[in-house]
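Hi there,

Here is the structure I promised to pass along. Have a look at it first, and my notes on what turned up follow right below.

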Amino acid sequence: DKGNHRHFMEKEIYEQPEAISHALGHYIDFAERKVSAIAGSIDFANLSGLAISACGTAYLAGLTSKYWFERYARLPVEIDVASEFRYREVPLNANSAALFISQSGETADTLASLRYCRDAGLKIGAVVNVRESTIARESDAIFPILAGPEIGVASTKAFTCQLSVLAALAIGAGRQRGTISAELEQTLVGHLAEMPRIMSAVLNRIQPTIETLARDLSKCKDVLYLGRGTSYPLAMEGALKLKEISYIHAEGYAAGELKHGPIALIDENMPVIVIAPHDRFFEKTVSNMQEVAARGGRIIFITDEKGAAASDLPTMATIVLPDVDEAIQPMIFSLPIQLLAYHTAVFMGTDVDQPRNLAKSVTVE
Ligand code: F6R
């Protein structure tokens, strides 16, 4: 049942605040503002490393979590797409653990990577939506994302629930490893707790701007997304979402890679979507944006209030989100990324929930 939405994808985008509250309730003690004991779990305290593998959007959630595990838990993360990981002959240290992220819990390459790690004697954790899935069954510890059924082929609420659960795990791992203070844990958990409310406010506000922009985007052949820090995986997620449902060619790049190749593509026909909250990387990303502007590139600037105030570069459009802590930026900034892909596809008239050539669960290699 789509309720009063045109597509499941749209419904699932709007369900995110509620889905995330529900998911976080499982991992967070809101009264104490700390991560609850991570039940039946991996002992993060004594790990020497964490190997993560997954596919598609789940991989991009994993890539985002690498920044968190490394920053908050000082835990080295090895991450790759499962189709590469499974054949790469990764030398695994028995003192590391492996984490697999999958909405369906049935993705063939992810399952094969899991079995490879299990045979190497690693402790296995699964971040899944479907708790009865094969990946969940074959794991030592299950971390459910509790997103509820996701019908749209393009993943939306599963992505932000994966991010939320992974953020909680990274903070919990930081506590176990003694790499974050009790005070920082409380602050970070406080940010996670306020996230659903911020998301609702953003969802209620940005649609008109996004729709106008989507009309322009639907006329383009190619789109480039740029971001730094955790906005880099989000740039790739934005490009993935757009190409999946609108069939417009899109690429996501680390902003710092611009001058190593993609800058050759910049002209007035290719919009560049710059994802740049006012974080530690802002100035750097703005200088990349300058390089785009100097070559006549059209910029769609997705930023926050501080970021909008700090840049006066001409843009084709600027989407301004509230200022939020770095820890929750990826979830908040996912919203315009998802809605932009969605409305562009609606303008194109594609089959948004069942895009051509794609399946919700990829059980063959
Ligand atoms: C993107 C998308 C796919 C899946 C990928 C992994 O919108 O839906 O990229 O994320 O096929 O699927 P799961 O998470 O079921 O392993």
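In this predicted model, an N or O atom in the side chain of Thr107 sits 2.4 Å from an oxygen atom of the ligand. Ser102 also reaches a ligand oxygen, with a polar side-chain atom at 2.6 Å. Thr57 takes part through its backbone instead: one of its backbone N or O atoms is 3.2 Å from an oxygen atom of the ligand. On its own the ligand would expose 410 Å², and the protein buries 90% of that. In total, 13 residues surround the ligand, and those that come nearest are Ser102, Gln103, Ser104, Thr107 and Glu244.

Now to the sheets. One of them is an open sheet of five strands, ordered E4-E3-E5-E6-E7, with parallel pairing. Strand E4 (77-81) and strand E7 (141-144) are its edges; each has a single partner strand, so one side of each has no neighbour in the sheet. On average, neighbouring strands here are turned by 20 degrees against each other, direction ignored.

Inside this sheet, strand E5 (residues 96-102) and strand E6 (residues 123-128) run parallel and are joined by six bridges. If you want a spot to zoom in on, Ala97 has Lys123 of E6 as its bridge partner. Helix H3 (residues 56-73) packs on the sheet, where it touches strand E3 (49-54), E4 and E5. The direction of H3 makes about 165 degrees with that of E4.

There is also an open sheet of five strands in the order E9-E8-E10-E11-E12, and its pairing is parallel. Which strands stand at the edges of this sheet? They are E9 (249-254) and E12 (317-321), each with a single partner strand, so one side of each is left without a neighbour in the sheet. Neighbouring strands of this sheet are turned by 15 degrees against each other on average, again ignoring direction.

Strand E10 (residues 271-275) and strand E11 (residues 298-304) are parallel and linked by five bridges; the partner of Ile273 in E11 is Ile300. Two helices to look at on this sheet are H9 and H12. Helix H9 (residues 231-246) touches strand E8 (222-227), E9 and E10, and its direction makes about 175 degrees with that of E9. H12 touches E8, E10, E11 and E12, with its direction at about 145 degrees to that of E11.

H12 has a helix partner as well. Helix H7 (residues 157-177) and helix H12 (residues 329-348) pack with their axes 10 Å apart, at an angle of about 170 degrees. The two helices are therefore roughly antiparallel to each other. On the H7 side the contact is made by Phe159, Thr160, Leu163, Ser164 and Ala167, and on the H12 side by Pro330, Met331, Ser334 and Gln338.

One last residue: where does Pro322 lie? Pro322 is in the loop between E12 and H12. Beyond its neighbours within four places in sequence, Pro322 is in contact with Ile198, Val202, Arg205, Asp304 and Glu305. As for Gln103, one of the residues that come nearest to the ligand, its C-alpha atom is separated from that of Pro322 by 29 Å, and the two residues are 219 apart along the chain.

Happy to go through any of this with you.

Best wishes

Terms used:
Residues numbered from 1 in each chain as written. Predicted model: local features only at pLDDT ≥ 70, side-chain atom pairs only at ≥ 80, totals over all residues. Heavy atoms only, no water. Pairing = 2+ DSSP bridges. Helix = DSSP H or I, 4+ residues; strand = E, 2+ residues; numbered from the N terminus. Axes fitted to C-alpha atoms, helices over the stretch in contact; angles between N-to-C directions. Contact = heavy atoms within 4.5 Å. Near = heavy atom within 4 Å. Polar contact = N/O pair within 3.5 Å; in protein donor to acceptor, adjacent residues only side chain to side chain. Areas by Shrake-Rupley, 256 points an atom, 1.4 Å probe, with all protein chains shown as cover. Parallel < 35°, antiparallel > 145°, perpendicular 65-115°, else oblique.
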